[in-house]
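Reader: Give me a close look at one part, the contacts between chains. Start there, then work through the strands and helices. Keep it brisk.

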Amino acid sequence: MDELKKRAKELLESGIVKVVIGYEEGTGNRTRALFAEKAEDAAKLIFDSRCIMNLATYITKREIKEKGRMGIVATIPVMRSIIQLASEYQVKDSDLLVIGITPESKIMEFKDLTEVETYIHQFQIEIDARNREMLEKLGKMTPSERWKFWIDELAPCFKCYACRAACPMCYCHRCTVDFNQPQWIPVPSHELGNLEWHIMRAVHLTGRCIDCDACANACPLAIPLNLLNKKMLEDAKTHFGGYQPSLKGDHLMSTFKPDDKENFIH
Amino acid sequence: MAEFEPKIVSFVCNWCTYAGADLTGTSRIKYASNVRIIRFPCTGRIDYMLLLKAFDEGADGIIVSGCHPNDCHYTSGNFHARRRWIMFRELCDFIGIDIRRIRFSWVSAAEGAKWANVVNTTVTAIRELGPYTDYKKVANHPVKEVTHG
Amino acid sequence: MNIDKRLVRKDSLEKLFDILKQNSKTIFAPVSKNGKISFKAADNFSAIVTDFVQTTQSSKDLAFPRTEKILDFSKSKEGISVKPFDYHSIPEMVIWGIRPCDAMGIGELGAIFNWDTRDEIYDSRLSHTTVFAFSCNKADESCFCTSVGGNPGNTEGSDILFTQMGDNGDYLAEILTEKGTAVAALATDLFLKTENQEKEKYLADVPVKFDHKAISVKLEKFFGSEKWVEQSLRCIGCGACAYVCPTCACFDIQDESHGKNGSRVRCWDSCGFSLFTLHTSGHNPREVQSQRWRQRIMHKFSYMPERLSVYGCTGCGRCSRACPVDMNILEHLISIKEVSI
Amino acid sequence: MSKIGVFICHCGENISATVDCTRVAEVAAGYEGVVHSVDYKYMCSDPGQSLIKSAIAEKGLTGVVVAACSPRMHEPTFRKACAEAGLNPYLCEMANLREHCSWVHEKGDATTEKAIDLVRVLVEKVKKNTSLNSIKVPVTKTALVLGGGIAGIQTSLDIANAGHKVILVEKEPSIGGHMSQLSETFPTLDCSQCILTPRMVEVAQHPNITLYTYAELESLEGFIGNFKAKIRKKSKSLDEKLCTGCGLCTTKCPVKKIPSEFNEGLGNRTAIYVPFPQAVPNKPVIDRVNCTYYIKGKCKVCEIVCPTKAIRFDQEDEIVEVEVGAIVLATGFTVKQPDFFPEYGYGKYPDVITGLQFERLASASGPTLGEIKRPSDGKVPEKIVFISCAGSRDPAKGIPYCSKICCMYIAKHAMLYQHKVHGGKSYVFYMDIRAGGKMYEEFVRRAIEDDGVNYIRGRVSRIYEKNGKLIVKGADTLLGAMPVDLEADMVVLATAGIANEGSEELAQKLHVSYDSYHFFAEAHPKLKPVETNTAGIFLAGACQAPRDIPESVAMASGAAVKVAGLFSQDELTREPLIAVVNRQPAPVYSSCVGCFLCVSACPYQAIEKEEIKDRSGNVLKTLAKVNPGLCQGCGTCVAFCRTKSIDIQGYTHEQVYSEVMALLNEY
């Protein structure tokens with residue numbers, strides 16, 4: 001990835017960007033976010049299969065935004081997040097320069113977000129085989145079996161909100177879970193508090209989640225909470241022909257079709 | 001013990017279903033007394049969280065009802081609501097919430113008889129399903145002593 | 001009391017477990033779910049996992065539950081009637097299989113809960129708890145107990161400390177407290193006399209990485225440092241570190257009421273959350289993540305030693321392992337050690 | 001601390017017959033915060049209302065719950081009563097014990113229990129109610145009317161005669177629209193221009209009407225009562241003040257062979273032209289596309305001949321900005337161009353024409369001065385065939401709807417033909433004869449019975465030419481689909497009425513919605529036929545769907561009344577039950593994060609962006625802001641907002657939450 005280092009160095013030297021958000025070697029064979037501000041920091045940049053964290057999470061973060069225009073090393077999921085964020089007015093061209101990484105791990109430059117949008121639209125959001133299998137398995141269960149499954153899976157959750165913090169789409173300053181007049185979601189991490197928090201999370205990400213798995217990867221207790229988002233993704237396909245992040249801002253859940261199905265309404 | 005009397009909460013829009021239920025009254029059509037109506041301006045206003053809250057607080061069933069498509073007083077509130085319901089139902093079902101306990105319906109201001117029928121059929125259905133103990137257990141009021149991981 | 005050292009055969013552990021159960025003890029032991037190990041009430045010995053460096057969650061959950069009802073109340077026109085905490089609801093517990101660092105953490109947590117008014121509930125949970133710690137015969141790169149005054153065979157905070165003598169070997173049991181003695185007494189024939197009382201050679205090697213006293217001295221002049229921002233840029237402000245930490249004690253009090261009846265609940269909170277210090281006025285004294293990160297380190301390595309003369313860190317390394325963005329506390333402490341001011 | 005008063009109404013025996021009202025009152029008295037709870041025979045009666053008023057005065061109530069009939073019945077009554085007693089009307093709620101309880105359940109404990117629950121719900125709700133004040137929006141008492149056809153003319157005159165200013169914008173050089181092209185009108189056969197032109201003149205002379213012809217809407221912003229519109233006045237290359245309309249220029253203009261739009265291409269006009277003799281204003285415009293000067297840079301004959309030196313070749317488009325309080329859309333419709341029907345050979349055969357072209361042929365002011373002559377050789381057609389539903393009611397052609405006016409004008413055309421061409425033979429191919437309307441059916445019968453028009457129920461499959469005749473191949477479905485071949489001299493197609501080109505763009509400019517055929521959509525198909533879903537914008541005539549003259553005029557007057565009603569007050573007063581975005585102290589400002597997903601969810605375009613700036617004008621935060629003039633209070637945004645930053649007054653989060661709690665818990 002010398003090309004990446006080189007490009008990042010140029011961008012920082014030329015002042016085109018003030019900071020490059022990328023990946024660096026972490027501890028214990030992990031990789032982590034790097035915020036390169038000086039040209040020499042660029043040397044620390046790496047990219048390999050371990051670099052799966054969704055860096056888009058950082059572009060809405062105040063301390064990083066304040067540094068000035070950001071360059072961001074962006075794989076396809078990251079690019080999708082960026083476009084979704086742009087469609088929600090959280091980021092614009094002047095804030096951001098996308099240093100794309102293609103599925104073949106090639107560097108790819110983009111003039112602006114419109115180009116990024118066009119690029120990612122070639123790829124459909126596809127759920128991986130393992131999770132698809134899991135969805136099918138759950139689909140075959142009876143509702144009460146699923147209920148047992150989820151109550152049991154969510155039991156360990158102690159509401160550290162790592163899933164929320166790691167999600168690029170969870171940029172709200174005050175999450176509904178912190179809304180206390182009225183207290184919609186119980187604060188304690190008892191069964192109800194956990195259940196309703198995860199339902200709410202799934203609802204709020206419906207039509208916005210781009211399936212990057214950041215939430216599940218962040219969970220310190222390995223709760224398969226991304227299954228909820230994946231199910232919503234599947235259902236969006238089934239009922240509305242799916243969605244793609246789009247600068248047009250025609251959001252799945254803020255629009256409707258007069259002929260949306262209603263065989264369940266009687 | 002006495003027969004189980006389901007508690008059913010109903011979220012309806014002011015312009016169609018609420019008025020429809022008024023018509024049921026003025027037409028003196030009798031129906032089961034298990035249902036309590038909460039009035040909203042539009043189905044578009046009905047927050048999915050309210051449905052969960054109703055179950056938390058011990059409802060055994062829920063009715064959500066508003067204007068037929070194209071009759072919405074606000075032109076498209078019910079269309080927005082319908083799209084949310086589609087996804088919310090899927091999510092509930094996936095989590096194992098018993099969606100047979102949530103009845104969605106369109107009842108216009110002219111359908112007094114339909115409202116009575118919606119209530120009666122829902123009450124019968126919920127009576128067969130019995131109390132929603134699964135959710136009540138999870139809701140645990142009063143809070144149990146401790147929750148460990 | 002003087003330490004009574006006994007030999008416990010490897011295959012006696014299960015017998016011991018069963019005897020404890022027969023004596024109606026609730027045994028919390030390391031159990032694995034989705035590959036993550038936490039302390040759960042174990043019904044049978046086979047459920048217990050032993051092959052790990054460190055559990056994902058600490059054992060603090062048992063004396064300081066994530067969610068704990070502290071009272072019930074009922075409102076009426078006449079006023080409010082309160083049903084206070086039911087101390088009888090506390091079970092007789094044995095924590096089985098925690099590491100010496102966690103055992104040390106129990107004391108540190110206690111120091112916070114009792115620094116002025118005593119936390120009756122915490123204390124009485126603890127008084128009903130017997131701690132069976134197991135020394136570490138292996139460690140990983142996140143471990144640093146030796147840098148914060150602990151060690152892999154540390155007896156502090158344990159009632160009985162078991163040290164396995166060699167792979168698949170028998171255990172040396174150090175009965176350290178009255179509580180330990182009492183529990184051992186339930187199964188005297190399993191605690192055998194032994195001459196071989198040497199445990200050091202079986203312990204994991206955890207090199208000292210820094211001097212915690214030096215760190216706290218440095219921190220006194222470190223508040224304004226640039227380091228905090230540099231270190232915490234990648235911190236996303238979740239509570240994972242605090243919730244797996246054996247000594248993080250922040251909690252929130254919530255009333256959950258339903259009509260006229262309700263319960264008051266104590267539940268975990270974290271200084272890492274952006275709303276933790278948000279005032280109603282809109283002012284937030286810790287507006288940005290770097291300030292919250294600083295608070296975390298200062299609290300553990302400066303404020304606690306200063307006010308409670310204990311450290312808020314046992315070197316268990318859980319926060320580093322649990323962090324989704326690789327905020328490695330050891331790495332950061334070393335880098336603080338290395339800056340010169 | 002709340003002081004709630006609860007008032008249980010017996011409604012004579014309507015409620016008390018099945019509900020134990022006294023018990024309900026007793027139970028309610030026990031609720032926290034309830035300081036007064038009584039039951040009474042008729043709460044809505046004067047003594048009933050004074051019970052409420054005096055309780056408010058004596059006990060200083062902070063909220064009132066009246067448990068009686070449906071709020072849809074008496075909520076205004078009791079809110080008014082509270083207001084008279086000095087309590088904010090929005091601190092009064094009603095529990096529906098009659099329609100929703102006593103009338104629908106048998107007498108018994110269960111019914112009384114339900115009544116108790118319903119009361120408790122409203123008691124807990126009203127505790128969370130806050131004082132609200134009705135919203136006032138200033139109204140600019142000028143109306144903008146888009147389109148100068150009969151609908152636009154009628155609505156402008158009605159509004160102007162009601163004493164309000166009107167700005168009428170027409171994109172053609174003259175007002176008059178399609179009606180001015182018509183010969184006679186059904187069902188009375190009176191001359192179209194004879195009844196229209198006086199109205200056109202009235203418009204031009206009316207002191208309250210400003211007329212902009214050859215002009216179009218450029219842009220629109222604002223909301224009901226407060227619109228700002230930019231109008232583009234296309235250059236006429238003419239100083240209208242100087243022009244006397246003598247017409248010398250048009251006679252001298254060397255470019256004479258431009259097909260006349262007004263005559264549907266059946267006649268010609270010059271490059272500087274007045275669309276038709278009775279045009280209003282009767283002043284020419286230069287058609288720059290065809291003018292020699294604009295093409296070659298020389299000519300200027302008109303300038304030379306003009307006695308008042310009114311020609312301005314260098315004149316540019318002018319943008320006028322106007323402030324208006326209401327807008328009426330009367331942009332009309334157009335007819336499907338028949339090249340759409342290759343099977344009928346339009347364009348290929350000059351004697352296959354449209355209904356509108358026939359109107360011009362039949363019109364005394366038309367190219368043939370009212371004689372029916374066929375375009376190809378000017379011969380009088382001896383046999384003429386009319387084909388209805390040319391495009392209409394033809395899903396295959398993408399127009400499933402009925403164009404509504406064709407059945408009648410075909411009957412009229414056939415009748416006119418029979419009157420003008422004695423001994424001529426006319427045939428009408430039809431699917432059904434839709435003659436709903438006063439004197440309509442009779443009119444069609446007259447065509448058939450008195451004037452001997454031959455009606456054939458069936459479709460025409462194809463038309464082709466054979467030695468100077470048009471062969472019309474059809475079928476008569478009343479005779480078992482027997483093939484009918486006719487040798488016609490002329491064929492008239494009743495082509496479908498469709499939305500104007502660009503109606504979609506216009507709708508988007510105005511934020512009004514449109515149907516799948518691009519006709520503008522009314523706010524409610526039954527109850528709001530002249531309103532759009534954007535407050536302050538109304539519809540008249542065929543821009544909403546194909547309409548005939550009487551309907552267009554009726555609709556135009558309807559829209560005018562809506563406008564006059566709106567203008568009858570200096571301020572718009574609206575119920576404050578609308579959405580609001582929360583505001584908090586700096587540096588938070590609001591929990592809104594400005595994702596603006598609510599903007600796309602709002603059916604009324606009521607949500608705008610608001611920039612929070614510091615003293616030096618730097619934007620600190622961009623938030624959603626609800627425009628109280630536009631918000632109708634549906635609450636779709638409220639349920640949609642992730643951060644619960646939008647709330648709706650009267651149905652707030654706190655209110656509905658407490659209702660659910662109250663319904664299912666003991667208090």
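Author: In this predicted model, 33 residues of chain A are in contact with 32 residues of chain B. Three helices of chain A each supply at least two residues to the side that touches chain B: helix 6 (143-154), helix 8 (191-205) and helix 10 (226-240). Helix 8 of chain A gives the most, with seven residues. By kind, that side of chain A divides into 19 nonpolar, six polar and eight charged residues.

Now take the contact between chains B and D. Here 35 residues of chain B are in contact with 38 residues of chain D. On the chain B side, the elements giving two or more residues are helix 1 (17-26), strand 2 (35-40), helix 2 (48-56) and helix 3 (77-95). Helix 1 of chain B gives the most, with six residues. This side of chain B holds 15 nonpolar, eleven polar and nine charged residues.

Strand 2 of chain B deserves a closer look. Although strand 2 gives residues to the side of chain B that touches chain D, its burial runs along the whole strand: six of its six residues are buried, so strand 2 of chain B is largely enclosed by the rest of the structure. Its side chains split two ways. B:Val35, B:Ile37 and B:Arg39 point one way, B:Arg36, B:Ile38 and B:Phe40 the other, and all are buried. Note the arginines: B:Arg39 and B:Arg36 are on opposite sides of the strand, and both are buried.

Strand 2 of chain B has a parallel partner. Six bridges join it to strand 1 (residues 8-13) of chain B. In that pairing, B:Val9 stands opposite B:Arg36. Helix 1 comes back here too. Strand 1, helix 1 and strand 2 of chain B make a right-handed β-α-β unit. So two elements of this unit, helix 1 and strand 2, are among those that supply the side of chain B touching chain D.

Chain D holds a crossover of its own. Strand 22 (residues 425-430) and strand 23 (residues 454-457) of chain D pair in the parallel sense over four bridges. D:Tyr430 stands opposite D:Arg457 in strand 23 of chain D. Between these strands the chain passes through helix 13 (residues 440-449) of chain D, and this β-α-β crossover is right-handed.

Next in chain D comes an antiparallel arrangement. Three strands form an open sheet in the order 24-25-26. Strand 24 (460-466) and strand 26 (482-488) of chain D stand at the edges with a single partner strand each, so one side of each has no neighbour in the sheet. From one strand to the next, the twist averages 20°. Strand 25 (residues 469-476) and strand 26 of chain D pair over seven bridges in the antiparallel sense. One of the partnerships pairs D:Leu470 with D:Ala488 in strand 26 of chain D.

Finish in chain C, with one helix and its cover. Helix 4 (residues 120-127) of chain C has the buried residues C:Tyr122, C:Arg125 and C:Leu126. Seen down the helix axis, these fall within an arc of 100°, so they line one face of helix 4 of chain C. The general rule is simple: an α-helix has 3.6 residues a turn, so residues three or four places apart point the same way. What covers those buried residues of helix 4 includes helix 2 (60-63), helix 3 (100-113) and strand 7 (129-134) of chain C.

Terms used:
Residues are numbered from 1 along each chain as its sequence is written. Chains are lettered from A and ligands numbered from 1 in the order in which they are written. This is a predicted model: local features need pLDDT of at least 70, side-chain atom pairs count only at pLDDT 80 or more; totals for chains, interfaces and linings use all residues. A residue is buried if 20 or more other C-beta atoms lie within 10 Å of its own, exposed if 12 or fewer, and partly exposed in between; C-beta atoms are placed from the backbone. The arc is that of the directions from the helix axis to the C-beta atoms. Two residues are in contact if their C-beta atoms, placed from the backbone, lie within 7 Å. Ala, Val, Leu, Ile, Met, Phe, Trp, Tyr, Cys and Pro count as nonpolar, Asp, Glu, Lys and Arg as charged, and the others, Gly among them, as polar. Two strands pair if DSSP finds at least two bridges between them. A crossover is right-handed if, with the strands pointing away from the viewer, the path from the first strand over the helix to the second runs clockwise. Axes are lines fitted to C-alpha atoms, for helices over the stretch in contact, and angles run from 0 to 180 degrees between N-to-C directions.
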